[in-house]
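User: Please take a close look at one part of this model, the metal-binding part, and then follow the description outward to the surroundings. I would like one connected account, with each term given its cut-offs.

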There are 2 protein chains.
Amino acid sequence: MRDVQDVFAGFLEKRGLSLTRQRREILGVFLDAKRHLTVEGVYNIAKKKVVRAGYTTVFRTMKLLREAGIAKEVNLGGKIVKYERRYGHEHHDHLVCLECGSFVEALDPEIEKLQNKLCNKFDFTPRRHRMEIFGTCRRCRRRKHKP
Amino acid sequence: MRDVQDVFAGFLEKRGLSLTRQRREILGVFLDAKRHLTVEGVYNIAKKKVVRAGYTTVFRTMKLLREAGIAKEVNLGGKIVKYERRYGHEHHDHLVCLECGSFVEALDPEIEKLQNKLCNKFDFTPRRHRMEIFGTCRRCRRRKHKP
DNA sequence: CTTTTTTTGAATTTGAATTTCAATTTCAAT
DNA sequence: ATTGAAATTGAAATTCAAATTCAAAAAAAG
Ligand SMILES: [Mn+2]
Ligand SMILES: [Mn+2]
Ligand SMILES: [Zn+2]
Ligand SMILES: [Zn+2]
């Protein structure tokens, strides 16, 4: 995606930072990956690239991507931080399988509406939210019932 | 609350563990505290008590309380784990203020219903969920507009 | 080219969570 | 009361991802 690179370049410029080769490649790795990635995960892919990047640089770049609105921290259960795309990937919630760790991304406009209504009731101004449902996915349920 | 003590005693018995003075006092500290507490927070209160308890014992007891269904881990933003009462404190979601860190506990039965509906759509069996809305509380909004 | 500033990444530090293990306590059997 | 096995405790050690440090390398400015 061309314009994500542009967004990052713009962000860096505004901050007086430069778009180095490492930063460009780390963004590339992150965008190419489909699933949610840990810093370590990004690092493992990045170190095989033409321009290798150290763990620290990946760590710092993920932070920049977060600040630029390109990446988003997610925390599906465990304590390790994962990142997912944010730019060009609308807000959504997660249904996380407790058996296999897989997850589905879902969005229910009705729920989102009611969330705002709930905030009104408490005179609360919402900025962002997080909703995760933990349970058993279809495949795991089947695996249990007819093995 | 008498019956929480009983629940804990029952749980410990089932596990072949005994209700020691430390465990009883740690539970007492936890129940007396209104707000969500970290292990460190429980420890700080506990160490002033008649029967002092070490950090490790508090840590392990909080784990037992969790397994007994008396305590529940919550994670409102930051990375440190907090515990809140679970027994006699029905499921609820949180509206967390990003300015002052305060929060409101709320429950919307409509949302809960739609969550189940959403799960049906994905053939997903829900077990538990977590929903947190981050934003600005009434007081903080006022503080900003007319200081 | 020379100087200044930024960036990088190996190494170190941090901090909460968790484990280890020797000392202590509990408790049932002599 | 005495013994001893089993459970409990808690100070200390360990773990491990997150965050920081700092000297070398690279880039930008002059
Ligand atoms: Mn996602
Ligand atoms: Mn709560
Ligand atoms: Zn599954
Ligand atoms: Zn507030």
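Analyst: Buried here means under 20% relative accessible area, exposed means over 50%, and partly exposed lies in between, with a 1.4 Å probe and the protein chains only. The model is predicted, so local features need pLDDT of at least 70 and side-chain atom pairs count only at pLDDT 80 or more, while totals for chains, interfaces and linings use all residues. Residues are numbered from 1 along each chain as its sequence is written, chains are lettered from A and ligands numbered from 1 in the order in which they are written, and side-chain values use heavy atoms, with hydrogens and water left out.

In chain A, the manganese ion (ligand 1) is held at 1.9 to 2.7 Å by His36(A) (NE2), Glu84(A) (OE), His92(A) (NE2), His94(A) (NE2) and Glu105(A) (OE). Donors are N, O and S atoms within 2.8 Å of the metal (3.2 Å for Na, K and Ca), and because water is not among the atoms, sites may look incomplete. Along the sequence these donor residues are spaced H-x47-E-x7-H-x1-H-x10-E. Glu84(A), with a relative accessibility of 3%, counts as buried, and His92(A), at 11%, is buried as well.

In chain B, the manganese ion (ligand 2) has as its protein donors His36(B) (NE2), Glu84(B) (OE), His92(B) (NE2), His94(B) (NE2) and Glu105(B) (OE), which lie 1.9 to 2.7 Å from the ion. Glu84(B) belongs to strand β3 (residues 82-85) of chain B and Glu105(B) to strand β5 (residues 103-106) of chain B, so this pair ties together parts that are 21 residues apart in sequence. Strands and helices are DSSP runs numbered from the N terminus, of at least two residues (E) for strands and at least four (H or I) for helices. Glu84(B) is buried, with a relative accessible area of 3%, whereas Glu105(B) is partly exposed at 32%.

The zinc ion (ligand 3) has four cysteine sulfurs as protein donors, from Cys97(A), Cys100(A), Cys137(A) and Cys140(A), at 2.2 to 2.4 Å. The angles subtended by the 4 donor atoms run from 103 to 116°, which makes the arrangement tetrahedral, a label given to four donors if all angles lie between 85 and 135 degrees. The ideal angle for four tetrahedral donors is 109.5 degrees. The zinc donors follow the spacing C-x2-C-x36-C-x2-C along the chain. Cys97(A) in strand β4 (residues 93-97) and Cys140(A) in helix α6 (residues 138-145), both of chain A, are 43 residues apart, and the pair links distant parts of the chain. Both Cys97(A) and Cys140(A) are buried.

Two of these zinc donors are also met from the other chain: Phe124(B) touches, among others, Cys97(A), Cys137(A), Leu95(A) and Arg141(A), where residues up to four places away in sequence are not counted and contact means heavy atoms within 4.5 Å.

Turning to the pairing of the chains, a rotation of 179° with 0.0 Å of shift along its axis superposes chain B on chain A with an RMSD of 0.1 Å, where the least-squares fit uses the C-alpha atoms of residues with pLDDT of at least 70 in both copies. The two copies are thus related as by a two-fold rotation axis. In chain B, the C-alpha nearest this axis is that of Met131(B), at 2.1 Å. The copies meet through the same surface, because 100% of the interface residues of chain B are also interface residues in chain A.

Note on methods:
Four donors count as tetrahedral if all angles lie between 85 and 135 degrees; four count as square planar and six as octahedral if opposite donors are over 155 degrees apart and all others between 65 and 115; anything else is irregular.
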